[in-house]
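Open the structure in your viewer and keep the selection tool at hand. This tour goes from one selection to the next and says what is there at each stop.

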Amino acid sequence: TMSGPFVPFPSENELYSKAWAKDIFKGKVVFCTGGAGTICSGQVRALVSLGADAAIVGRREGNTRNVAAEIAKVRPGAKVIGFGCDVRDADALVAVVAETVKQLGRIDFLICGAAGNFLSTVEGLSTNAFKTVMDIDLLGSFNTVKACLPELQKTKGRVIFVSATFHYTGAALQSHVAAAKAGIDALSHSLAIELGPSGITSNIIAPGAIANTEGMDRLTARTGVPEDLQKNPARLNPLGRWGTVSEVADATIFLFSDAGRYINGVSLVVDGGNWRTSNSL
Ligand code: HXC
């Protein structure tokens with residue numbers, strides 16, 4: 001087996017590694033779609049813990065407000081707002097951004113994380129099913145950037161798209177998702193070039209299989225994935241384990257921190273090297 005004692009599994013309770021100094025994001029505001037989900041709420045929780053205020057957007061308003069209140073507890077005095085908004089609704093996003101600026105004053109960091117996915121064969125996909133995922137993931141990311149752009153121009157802001165790795169190789173049952181994520185990557189690369197002169201950077205974080213997330217539940221619910229493979233991820237990943245939410249948060253902190261200031265137009269893959277193997281999910 002490839003698993004070894006030299007790769008300790010990080011604690012589930014860690015928000016991020018011990019590499020970062022407190023207050024590095026003091027006075028900064030992050031706007032995050034998909035912010036009530038497991039991965040993106042982890043990103044926002046880490047940023048808020050390090051000094052930022054935040055607005056998170058999710059489709060289910062009550063749930064999103066609850067998650068926002070949860071995140072705010074991570075730091076005394078933190079302001080975290082939760083908005084119910086569908087990223088397919090460009091006008092609603094503009095209104096939410098205006099309310100964010102009214103309450104929090106500015107937007108420095110944008111995380112486009114809203115996604116709507118399911119596993120399906122191409123045969124099982126209707127035109128509307130394919131379009132729905134393209135609309136949520138790709139068009140929704142475009143709508144979000146468009147709505148936030150005037151604010152990002154004021155702050156010389158930074159954008160992170162939460163993408164994936166399976167479109168690097170192609171993946172069965174995910175043709176719709178892969179097409180949408182490939183589009184997101186192309187959008188980010190183009191923004192990096194077009195907005196760079198305004199001082200705005202655009203980058204991608206591509207998580208691999210992250211433990212205890214909805215995406216993982218959906219992936220491992222896939223018929224035909226042997227149970228021992230689900231229980232023994234060491235067989236799939238060079239580092240011998242799945243990733244954690246805190247490891248995606250660490251990559252996010254790095255890109256938004258001063259340490260990431262010259263990084264523009266990249267994909268930062270956070271997958272333990274998994275996609276380079278022939279075992280990618
Ligand atoms: C085939 C499906 C389907 C399925 C829905 N559809 N589920 N087709 N197989 N399993 C079809 C519907 O029949 C319909 O087509 C069309 O898709 C739109 O469905 P709606 O339910 O009307 O859409 P909506 O209410 O907007 O919901 C969007 C959704 C849903 C994407 C379908 O799954 C969702 O809300 N997901 C959000 C949460 C989520 O996906 N989180 C995962 C993020 S994890 P017809 O033709 O009948 O009208 C992640 C990591 C990667 O991104 C994970 C990889 C799997």
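Before selecting anything, note that this is a predicted model.

**Stop 1: the shell around the ligand**

Select the residues around the ligand and colour them by type. The shell divides into 5 nonpolar, 9 polar and 4 charged residues. In total, 18 residues surround the ligand. The closest are Arg59, Arg88, Asn117, Ser126 and Asn128.

**Stop 2: three contacts with ligand oxygen**

Show the side chains of Arg88, Ser126 and Asn128. Start with Arg88, where a polar side-chain atom is 3.0 Å from an oxygen atom of the ligand. Go on to Ser126: one of the polar atoms in its side chain lies 2.5 Å from a ligand oxygen atom. At Asn128, an N or O atom of the side chain is 2.9 Å from an oxygen atom of the ligand.

Now turn on the surface of the ligand. How much of it does the protein bury? Taken alone, the ligand exposes 1,100 Å², and the protein buries 61% of that.

Which elements give two or more residues to the shell? They are helix H4 (127-155) and helix H7 (214-220). Select H4 to see the largest share of the shell, which is 4 residues.

**Stop 3: strand E2**

Leave the ligand and select residues 53-58, which form strand E2. Is this strand enclosed or open? Of its 6 residues, 6 are buried, so E2 is largely enclosed by the rest of the structure. Colour the two faces separately to follow this. Asp53, Ala55 and Val57 lie on one side, Ala54, Ile56 and Gly58 on the other, and all are buried.

**Stop 4: the partners of E2**

Add strand E1, residues 29-33. E1 and E2 pair in the parallel sense over 5 bridges. To find one of these bridges, select Cys32 and its partner in E2, Ile56. Then trace the chain from E1 through helix H1 (residues 38-49) to E2; this β-α-β crossover is right-handed.

Next, add strand E3, residues 80-84. E2 and E3 run parallel and are joined by 5 bridges. Keep Ile56 selected, and add Gly82, its bridge partner in E3. To finish, select helix H2 (residues 61-72) together with E2 and E3: the three make a right-handed β-α-β unit.

Note on methods: Residues are numbered from 1 along each chain as its sequence is written. This is a predicted model: local features need pLDDT of at least 70, side-chain atom pairs count only at pLDDT 80 or more; totals for chains, interfaces and linings use all residues. Side-chain values use heavy atoms; hydrogens and water are left out. A residue is near a molecule or strand if one of its heavy atoms lies within 4 Å of it. A polar contact is a pair of N or O atoms within 3.5 Å; within protein, one must be able to donate a hydrogen and the other to accept it, and residues adjacent in sequence count only if both atoms are side-chain atoms. Accessible areas come from the Shrake-Rupley method with a 1.4 Å probe; for residues, only the protein chains shown count as cover. Ala, Val, Leu, Ile, Met, Phe, Trp, Tyr, Cys and Pro count as nonpolar, Asp, Glu, Lys and Arg as charged, and the others, Gly among them, as polar. Buried means under 20% relative accessible area, exposed over 50%, partly exposed in between (1.4 Å probe, protein chains only). Two strands pair if DSSP finds at least two bridges between them. A crossover is right-handed if, with the strands pointing away from the viewer, the path from the first strand over the helix to the second runs clockwise.
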